[in-house]
Amino acid sequence: MTGQSEARPSLREAVRVFMRIGCLSFGGPAAQIALMHRELVEERPWLTEKEYLSALSFCMLLPGPEAMQLATWAGWRLHGTLGGVIAGLLFVLPGAAVVLALSALYAGLGHVPLMAALFVGIQAAVVAVVIEALIRVSKKALKSQEAKAIAVLAFAALFFLNAPFPLVIFAAGLWGAFRAWGKPMEAVAGERPAQAGSLATLALWGAVWLLPLGLLWVQGGLLFEIGLFFSKLAVVTFGGAYAVLAWMTQEVVQVQGWLSTAQMMAGLGLAETTPGPLILVTEFVGFMAGFGQGGWVLALAGAVVALWMTFAPCFLWIFLGAPYLDRITRAPRLAGALAAIMAAVVGVIANLSLWFALHFLFGTVDVFAVGPIRLLWPDLGSLHWLSLGLAVLAGVSLLAFHRPLWVVLGISALLSVFAAMV
C-alpha cells in the first residue's frame, strides 16, 4: 500500500492505547471512528490518513460492527494477527463487562416497581435514539432518487410484506452490483497476496468461529439455538446494528419467545450507555434468553455464546480481507452493492423506528392481514400518555438541543421514576 506510515509502536504501547480506546468508545460508530482517528492518526504517527480512510472504506463493506473491525485492522496493521486480536478484544471487552453487569441487574431487579419505572424511561429514550439514527443515516445514504426509491421499497417489503431481512439486504446489494456492472476497476499497485496464506487464514478463523457452534450442535438445546441465530446475524449485519435490530427483535420476541418487546428495548437502552459497539445488545439477548429458561448459569453461558458468535466472524473478515484491502476498496461492483445496501438500511431503520414506537406507546397493537399484505394498527385507547411524554421530551432533547445521549437517557429514566413515585 502506498503512503504507509513508518512509525510503529511497541506492542505494550499499542495495548495501552487500544485499552484507552476501548474504555472511551461511547457514542456509536461515528464517535468511535473519530476517537480512533485522533488516537492513531492525529496524536500518534502510527497510521497515515490514506491508510485509515482506506481501511474505513474496507470495514464498511463488511458485515458486522465497522468500528470494532477498524480497531482490529489497526492492530493487525501495527502488529500482525496478534495485534489485531488484542485490539479487537480490547474494543469489545470493556463494554461487554458493563453490559453483563447491567444484564444481571436487570434480570434480578427488573420487576421491582422503581426499577421497572427506570427502564420505561430508558425505553422512551430508545425511541428517540432510533429516530435520530434514521435521520443521520438518511443524510448520508439518500443522495439520489434511486437511493430514495430503494429505501422506500425496503421499508414496504419489511413493514407491509414481512419480508425476511436477509432477503431485503441481498436484493439491494445485488441491484447495486448490477448497476455498477461494466465500470472499470482502478489500477492496484503491488503483488497479489499468496493464496496459500489466505486459505490458512480461512481455515483457522473459520474453525475459531464455527467449531464451537458444532460442539453446541452435538449438545443441542438453547445454547445451540442462540449460537446458530447469532451466527446467521453476523453474516447479514450490514449498515450497523440498527439495520438488524428489527429482524433480531422479531426473531427473539415473536418467533423464539426469548424476550418481550419491553425487554428488548431495555437491552438496547443499556447497550447505548456502554462503551463499545451497539451490537453488544446481542449479549443482553443471550443472557436474558438463558436466564428465562435456566437461571443464572445458563444466562452466563448464553451471553458468552452470543458474544462469541457475534464477534468471532469479525476477526475472520479482517484477517482474510486485509491483505486485499486496496483491491477490495477499488472494486466498483462492491462499492455499488454497498451504496444500495446503505440505502436499503434507511428503510430498515424506518421500519424499526415505527415498530418500536407503536409497541412502546400503545398497550395493544393488532395485526391486520389481507393476502400477503399486513398492517400494524394500534388500539388508540391503549395509548400510554406518560410514555408519549417521555419519548417526545427525549426526542426534543436529542434532536433539537443535541444533548449528549447519556444525559437524555439519564433524565428520561429519572423522570419516569419520579412519575412512578408520585
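The mean pLDDT of the protein chain is 87, and 95% of its residues reach 70 or more. The model is predicted. Work through the exercises with the structure in view.

**Exercise 1. Confidence**

Find which elements have the lowest and the highest mean pLDDT.

*Solution.*
Step 1. Take the low end. Helix α13, residues 325-329, has the lowest mean pLDDT among the elements, at 75.
Step 2. Take the high end. Helix α12 has the highest, at 95.
Step 3. Keep a caution in mind. Where pLDDT is low, predicted coordinates should not be read in detail.

**Exercise 2. A pair of rings**

Classify the ring pair W205 and F319 as stacked, tilted or edge-to-face. Then place both residues in the chain.

*Solution.*
Step 1. Know what to look for. An aromatic pair is described by the distance of the ring centres and the angle of the planes.
Step 2. Count the pairs. The whole structure holds 16 aromatic pairs.
Step 3. Take the W205 and F319 pair. The ring centres are 5.1 Å apart, and the planes stand at 50 degrees.
Step 4. Apply the cut-offs. Under 30 degrees is stacked and over 60 is edge-to-face. The angle here is 50 degrees, so the pair is tilted.
Step 5. Place the residues. W205 is in helix α8 (residues 195-219), and F319 is in helix α12 (residues 281-321). They are 114 residues apart, so the pair links distant parts of the chain.
Step 6. Check burial. Both W205 and F319 are buried.

**Exercise 3. Other aromatic contacts**

Name the members of an aromatic cluster, then find two arginines that lie over tryptophan rings.

*Solution.*
Step 1. The cluster consists of F229, F230, W247 and W258.
Step 2. R44 lies over the face of W46, 5.6 Å from the ring centre.
Step 3. The charged end of R333 sits over the ring of W181, at 4.6 Å from the centre.

**Exercise 4. Salt bridges**

Trace three salt bridges. For each residue, decide: buried, partly exposed or exposed?

*Solution.*
Step 1. Recall the principle. Side chains of opposite charge can pair when their charged atoms come close. In this model the count is seven salt bridges.
Step 2. Start with E39 and R20, which meet at 2.6 Å, N to O. E39 lies in helix α2 (residues 28-42) and R20 in helix α1 (residues 11-24), 19 residues apart.
Step 3. Use the cut-off: buried means under 20% relative accessible area. E39 has 0%, so E39 is buried. R20 has 40%, so R20 is partly exposed.
Step 4. Go on to R77 and E51, at 3.0 Å, N to O. This bridge links helix α4 (residues 66-109) with helix α3 (residues 49-60). R77 has 16% and is buried. E51 has 0% and is buried.
Step 5. Finish with E132 and R136, at 3.9 Å, N to O. Both lie in helix α5, four residues apart, about one turn of the helix. E132 is partly exposed at 26%, and R136 is partly exposed at 41%.
Step 6. Look for a network. R20, R38, E39, E43 and R44 are linked by salt bridges.

**Exercise 5. A surface patch**

List the residues of the nonpolar surface patch. Which strand gives the most to the patch?

*Solution.*
Step 1. The members are F160, L161, F368, I373, L375 and W377.
Step 2. Together they have about 580 Å² of accessible area.
Step 3. Strand β2 (residues 373-378) gives the most, with three residues.
Step 4. Look at W377, which lies in strand β2. W377 has a relative accessible area of 49%, so W377 is partly exposed.

Methods:
Residues numbered from 1 in each chain as written. Predicted model: local features only at pLDDT ≥ 70, side-chain atom pairs only at ≥ 80, totals over all residues. Heavy atoms only, no water. Phe/Tyr/Trp six-rings, centres within 6.5 Å; stacked < 30°, edge-to-face > 60°. Helix = DSSP H or I, 4+ residues; strand = E, 2+ residues; numbered from the N terminus. Buried < 20%, exposed > 50% of the residue type's maximum accessible area, 1.4 Å probe, protein only. Lys NZ or Arg CZ within 6 Å of the ring centre and 35° of its normal. Patch = residues over 30% accessible without salt bridge, like charges linked within 9 Å, V, L, I, M, F, W, Y side chains within 5 Å. Areas by Shrake-Rupley, 256 points an atom, 1.4 Å probe, with all protein chains shown as cover. Salt bridge = Lys/Arg side-chain N within 4 Å of Asp/Glu carboxyl O. pLDDT = per-residue confidence, 0-100.
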